[in-house]
Amino acid sequence: MGNGNNKDDESSCKKYGVPLYGAAWAPLAAGISDSTASSSVNGHVVLSGGGGEGRSGIPNALLVAALDLGSNSLSDQPVAKLGTGSDLPYRIAVHPGGEGVICSLPKSCRWFEWEANTSEDKHSLSLKSSEKVLQQLEDVGQQLGITFNPEGNLLAVGGEDGRLRICKWPSMETTLDESSGHSSVKDLDFSPDGKFLVSVGSGPGRIWNVASSTSIASLPKENDEVFGFCRFSRGTDADQVLYVTAVRDNGGSIVKWNTTSWKRMNSRHVVRDPVSAFNVSPDGKLLALGTIQGDILILSSTSMQVRTIVKKAHLGLVTALAFSQDSRALISASLDSSARVTLIKDTKKKGVNLWIILFVILIAVAVYYYAKNEGLLL
């Protein structure tokens, strides 16, 4: 297990002046390809946050920051900033096809489009307000969960009031509108094949059949568990599972569920502090969680063993985590106004090298004792 130190590379963590609540990676399809991007820029991340409706003097905005993976550094300042007035941008979801970003505001959801900014010496990405108005998501209250399915043709949102909606994208035709599943929805996720949607919030978790728009299973809690976040495993592995984070008196746990029987498989206690953010890497190999103390943990998805801990990655609680599309980097955001990029280290190669070294040592010892017993040594 590795231990990261956020002081080792200060360039990997930047403060952007507003408390951050959302973080996501801009897809390559958003408008800047590898051939047109600046040689020092390997990608962009979008962040959401602000000071809310009060007169704190802290603006509400969507921010776009550039990333250089070679030096593991975020841009000192956002390369683009789009204010949202008195509305605090909370959760965000990037459309997988690169069309834009949907953002939940206190009373509604708003759609923003990518805009590529190119000149002779500068190539960057920004967001602009869209003329597309999401009428079905106007005056619906705060949405705490928001996600697209992998194909990008369905959008699911879950509200603070417990109402769950699935809409076709981009027509916004409603296929599911349910208010009895939870008294409040905290998180949502589509299965990789798009057939199921999981929702967690107050009470047990729920599994929804997307085609029939019905609840087909319940995920019961045990003892004093409080479910927080939910993610299906990724990749093409036939043995798909579902991960749900749970908080108990002894801290944070990850519960693994079978996606055929919807029965609980096992649970693993991973951290003493409550979990405040969670995600799964696109290649399905890693889990990441953030805590209210600002720590980040990266785990193996199969064993749920901790691989890396970054203590005090942020000074405030971690509000959002997102892996890059190639699973090589993790972006995190915090209420302390900071965003951080954590590079994923390849521990497999180190493990293989260690086993080779041990094997060589054992062979050498065996040869030594054989030669000694045969009298071959002087």
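Which residue lies over the face of Tyr 90? In this predicted model, that residue is Arg 91, set at 4.6 Å from the ring centre. A second charge over a ring turns up at Trp 169, where Lys 132 lies over the face at 5.1 Å from the ring centre.

Trp 169 also takes part in ring-to-ring packing. The structure holds seven aromatic pairs. One of them joins Trp 169 to Trp 111, with 4.7 Å centre to centre and 55° between the planes, which puts this pair in the tilted class. Trp 111 belongs to strand β10 (residues 109–118), while Trp 169 sits in the loop between β14 (164–168) and β15 (174–178). The pair therefore ties together parts of the chain that are 58 residues apart in sequence. Both of these tryptophans are buried. Add Phe 148 to Trp 111 and Trp 169, and the three form one aromatic cluster.

Another aromatic pair brings Phe 227 and Trp 257 together, this time edge-to-face, with 6.4 Å centre to centre and 90° between the planes. Here too, distant parts of the chain are linked: Phe 227 comes from strand β20 and Trp 257 from strand β22 (residues 251–258), 30 residues apart. As for exposure, Phe 227 is buried, and Trp 257 is buried as well.

Then there is the largest pocket, which holds about 1400 Å³ of space. It is lined by 47 residues, and the ones closest to its centre are Thr 147, Arg 231, Asn 279, Leu 321 and Ala 322. Quite a few strands chip in: β3 (20–25), β8 (92–94), β12 (143–148), β16 (185–190), β20 (226–232), β24 (275–280) and β28 (318–323) each give two or more residues to the lining. The largest share, six residues, comes from β24. By residue class, the lining splits into 29 nonpolar, twelve polar and six charged.

Last up is Ser 73, found in strand β6 (residues 73–74). The relative accessible area of Ser 73 is 16%, and because buried means under 20%, Ser 73 counts as buried. The side chain of Ser 73 has a polar partner too: the side chain of Ser 71, in a polar contact at 2.7 Å.

Conventions: Residues are numbered from 1 along each chain as its sequence is written. This is a predicted model: local features need pLDDT of at least 70, side-chain atom pairs count only at pLDDT 80 or more; totals for chains, interfaces and linings use all residues. Side-chain values use heavy atoms; hydrogens and water are left out. On a 1 Å grid over the protein atoms alone, a cavity is a set of points where a 1.4 Å probe fits but cannot get out, and a pocket is an open set with protein on both sides within 12 Å along at least five of seven lines; lining residues have an atom within 4 Å of a point. Grid points are joined across faces, edges and corners, and a volume is the space filled by probe spheres set on the points. Helices (H or I, at least four residues) and strands (E, at least two) are DSSP runs, numbered from the N terminus. Ala, Val, Leu, Ile, Met, Phe, Trp, Tyr, Cys and Pro count as nonpolar, Asp, Glu, Lys and Arg as charged, and the others, Gly among them, as polar. Buried means under 20% relative accessible area, exposed over 50%, partly exposed in between (1.4 Å probe, protein chains only). A polar contact is a pair of N or O atoms within 3.5 Å; within protein, one must be able to donate a hydrogen and the other to accept it, and residues adjacent in sequence count only if both atoms are side-chain atoms. Rings of Phe, Tyr and Trp (its six-membered ring) pair if their centres lie within 6.5 Å; planes under 30 degrees apart count as stacked, over 60 as edge-to-face and the rest as tilted. A charge sits over a ring if NZ of Lys or CZ of Arg is within 6 Å of the ring centre and within 35 degrees of the ring normal.
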